[in-house]
Amino acid sequence: MSSDPFARAATDSLRTHTFASLNPGPRLLVLGGVHGDETCGTAGIERLLAELDGGAFQLLRGQLTLVPVANPLARRRLQREGERNLNRLFKPGAEPADYEGKVTNVLCPLIERHDVLLDLHSFQSEGEAFAMIGPRDNSGSLEPFARASEEGLLALHLGTPIVVEGWLDIYAAGLARRASGAEVGAGALDFGRGTNEYIRNCGGYGVTLECGQHQDPQAPEVAWRAIRRALALLGMAALPQGLVAEPPKPPQLLRLASVTDRLHEEDSFVRDWATFDPVQRGEPIGMRHDGTLVSAPDDGFIVFPNALALPGAEWFYFAHPSERVLGPAATAPASAA
Ligand SMILES: [Zn+2]
């Protein structure tokens with residue numbers, strides 16, 4: 001997309017916009033372009049910026065910060081990454097080893113000054129928009145959390161047909177299996193931590209919104225609606241005409257249950273899988289290079305299939321329907337956590 005004005009923007013600084021209401025209230029941060037080939041968040045944020053600058057709506061309370069392009073180098077290249085995935089290893093470092101490390105060092109203090117994060121993404125395969133939320137309330141060591149109810153409510157209001165819960169625990173379990181008994185170092189676990197994990201660690205909460213396929217012309221609209229719905233939910237702005245606060249049909253909630261690695265470069269899927277393709281227990285998903293079938297462990301769904309995963313890396317995730325209730329009743333038992 002050579003028409004993208006941000007493809008030519010400076011890569012040595014981040015453009016951020018903060019609107020501070022004179023009335024105190026929640027502090028919402030919206031990120032676009034954490035991955036450079038995901039332009040819908042940028043477009044949704046720019047539309048909102050134009051609305052605010054043009055007086056189309058008012059910030060009623062709190063503080064809103066918008067970062068249209070969180071990874072300018074990746075955007076310049078229109079690639080997912082500049083030098084590496086910005087949404088990994090997301091914590092401040094005294095001596096950043098690469099471009100994304102330097103960006104992380106600018107974004108972390110910004111995130112720390114906010115209560116709520118909405119991180120806008122898109123994805124490669126075909127499929128509908130979905131939101132990703134974190135763990136249930138827990139006091140464990142991996143990702144302690146106490147704001148699952150608020151986070152779930154935000155995801156509920158973003159209006160996607162599917163919400164996926166759980167990431168870091170399944171990622172950690174995958175690491176542990178790869179280490180086969182050896183201790184998994186904190187550094188390896190940190191690799192699984194992104195922007196949302198960072199704000200949760202700072203006492204806030206965050207939702208990743210996958211707005212649709214990278215080129216889906218509806219994705220910028222999904223991004224913009226999500227920002228307006230988040231502002232309304234937080235009491236920071238009125239909803240625009242024609243947008244309902246809560247989708248008429250609650251989203252289907254899935255819980256990531258396991259990750260399966262590709263082990264050999266001749267391991268192959270039995271068909272082209274798309275995220276959220278349903279599978280039945282025992283249904284063949286892929287074949288190992290020696291002919292062994294990899295089958296669905298249960299009735300559930302394929303998530304993030306990657307036919308080109310490097311041997312030793314995640315091949316696909318498997319998810320179950322979740323019994324969790326999003327919203328005010330979300331303090332239900334965290335039995336499976
Ligand atoms: Zn992304």
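Which residue of strand 14 is the bridge partner of Val303? In this predicted model, that partner is Tyr317. The pair belongs to the contact between strand 13 (residues 300–303) and strand 14, two antiparallel strands joined by three bridges. On strand 14 (residues 314–321) there is also strand 8 (residues 252–261) to consider, again antiparallel, this time with seven bridges. Two pairs from that set are worth picking out: Leu256 is matched with Ala319 of strand 14, and Thr260 is matched with Phe316.

Zooming out, these strands sit in an open sheet of 11 strands with mixed pairing, and the order reads 1-3-2-4-7-5-6-8-14-13-10. At the edges are strand 1 (17–20) and strand 10 (277–279), each of them paired on one side only. From one strand to the next, the twist averages 25°. Helix 5 (residues 168–179) packs on this sheet, where it touches strand 8 and strand 14. The direction of helix 5 makes about 15° with that of strand 8.

Further along the order comes strand 4 (116–123), and here burial goes all the way: eight of its eight residues are buried. In a regular strand, side chains alternate between the two faces of the sheet. Strand 4 has both faces covered, with Val116, Leu118, Leu120 and Ser122 buried on one side. On the other side, Leu117, Asp119, His121 and Phe123 are buried too. As for neighbours, strand 4 runs parallel to strand 2, with five bridges between them, and parallel to strand 7, with seven. Leu29 finds its bridge partner in Leu117 of strand 4, while Leu118 is bridged to Val207 of strand 7.

Helix 8 (219–233) lies across part of this region, namely strand 2 (27–32), strand 3 (63–67), strand 4 and strand 7. Relative to strand 7, helix 8 runs at about 155°.

Strand 4 also brings in the metal, given that His121 is buried there and is a donor of the zinc ion through ND1. The other protein donors are ND1 of His35 and two OE atoms of Glu38, and the donors lie 2.1 to 2.4 Å from the zinc ion. Both His35 and Glu38 are buried. Along the sequence, the donor residues follow the spacing H-x2-E-x82-H. How about the geometry? Ideal angles for four tetrahedral donors are 109.5 degrees. The four donor atoms of the zinc ion make angles of 58 to 146°, and the site is irregular.

Helix 4 (residues 148–158) is another mostly covered element, with eight of its 11 residues buried. The buried set consists of Ala148, Glu151, Gly152, Leu154, Ala155, Leu156, His157 and Leu158. An α-helix has 3.6 residues a turn, so residues three or four places apart point the same way. The buried residues of helix 4 pack against a mix of strands and helices: strand 4, strand 5 (130–133), strand 6 (162–165) and strand 7 (205–213), plus helix 7 (195–201) and helix 8. Just after helix 4 comes Gly159, with a positive phi near 90°.

Not everything is tucked away. Asp12, in the segment before strand 1, is exposed, and its relative accessible area is 69%. Asp12 and Asn71 are 59 residues apart in sequence, yet their C-alpha atoms are 9.9 Å apart in space.

A second open sheet has three strands in the order 9-11-12, with antiparallel pairing. Strand 9 (268–269) and strand 12 (293–295) are at its edges with a single partner strand each, so one side of each has no neighbour in the sheet. Strand 11 (residues 284–287) pairs with strand 12 over three bridges in the antiparallel sense. In that pairing, Pro284 has Ser295 as its bridge partner.

At the level of the whole chain, the domain assignment gives domain 1 (5–250) and domain 2 (257–321). Their centres, taken over C-alpha atoms, are separated by 27 Å. The contact between them takes 12 residues from domain 1 and 11 residues from domain 2.

Terms used:
Residues numbered from 1 in each chain as written. Predicted model: local features only at pLDDT ≥ 70, side-chain atom pairs only at ≥ 80, totals over all residues. Heavy atoms only, no water. Buried < 20%, exposed > 50% of the residue type's maximum accessible area, 1.4 Å probe, protein only. Helix = DSSP H or I, 4+ residues; strand = E, 2+ residues; numbered from the N terminus. Contact = heavy atoms within 4.5 Å. Donors = N, O, S within 2.8 Å, 3.2 Å for Na, K, Ca; no water. Tetrahedral: all angles 85-135°; square planar, octahedral: opposite > 155°, others 65-115°. Pairing = 2+ DSSP bridges. Axes fitted to C-alpha atoms, helices over the stretch in contact; angles between N-to-C directions. Domains from an automatic or database assignment.
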